[in-house]
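Q: I would like a close look at one part of this model, the sheet. Please explain slowly how its pieces are put together.
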Amino acid sequence: MNAYETIMTRRSTRRFQNREVEGEKTDLIIEAGRHAPSGGNSQSCHFFVITNRELLDKLAVMVSEAFRKMEVYEGMYRSLVTSITRSKQGNYIFHYGCPMLIVVANNKDYGNNIADCACALENMMIAANSLDLGTCWINQLKWLNEDEGLLELFREHGLEQDERIYGALAVGYPDTEDGLPVRTALPRTGNKVEYIK
């Protein structure tokens, strides 16, 4: 696939095989994230590549417990409502049981923190698609980026005191019949475009 095809065929994957992502592919994905543009070429994203199943399971429990304590209010972002509702129902796994979760953090006082992390995450999603891997953007840790329990856990693994998590990426081999990502084009119904000449 060329770059345009790789972008146009990227879709979210929410069901993964119980299969590790090879180290070579992991390295390529991470390098794609590290080469994303950043404000003033700051290169201040901090990547956490989590493949430890015990830690992934622990994170799933911690995230579900944090959301279970929250209440839904009118006008709340619908995906956040889903996370809270499903956590209260039980058995909520925010990362879809992926074999690899890439978490991206940045300095909490840096004005381009979210944008830089978003660029890195997008680069990694495109790279993963080119490697026949599925991905799904994960917002839940960003919504909980002031949760003391989660901060403490990530600090044990290298998160700096002045850093916060701004996004994550579930990565793995899709649980599809052929083991490849679903690449069917979806119609665009939003994202207006105005040409000003």
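To begin with a detail, which residue in S4 is the bridge partner of Gly134?

A: In S4, the bridge partner of Gly134 is Gly172. This is a predicted model, in which local features need pLDDT of at least 70 and side-chain atom pairs count only at pLDDT 80 or more, while totals for chains, interfaces and linings use all residues. Residues are numbered from 1 along each chain as its sequence is written, and side-chain values use heavy atoms, leaving out hydrogens and water.

The pair Gly134 and Gly172 belongs to a longer connection, since S3 and strand S4 (residues 163-172) run antiparallel and are joined by five bridges. Helices (H or I, at least four residues) and strands (E, at least two) are DSSP runs numbered from the N terminus, and two strands count as paired if DSSP finds at least two bridges between them.

Seen as a whole, the sheet is open and has four strands in the order S1-S2-S4-S3, with antiparallel pairing. Strand S1 (46-50) and strand S3 (134-138) form the edges, each pairing on one side only. On average, and ignoring direction, neighbouring strands of this sheet are turned by 20° against each other; axes here are lines fitted to C-alpha atoms, for helices over the stretch in contact, and angles run from 0 to 180 degrees between N-to-C directions.

Two helices can be added to this picture, with contact meaning heavy atoms within 4.5 Å. Helix H2 (residues 23-34) packs on the sheet and touches S1, strand S2 (100-107) and S4, its direction making about 160° with that of S1. Helix H7 (residues 148-155) also packs on the sheet, touching S1, S2 and S4, and its direction makes about 75° with that of S4.
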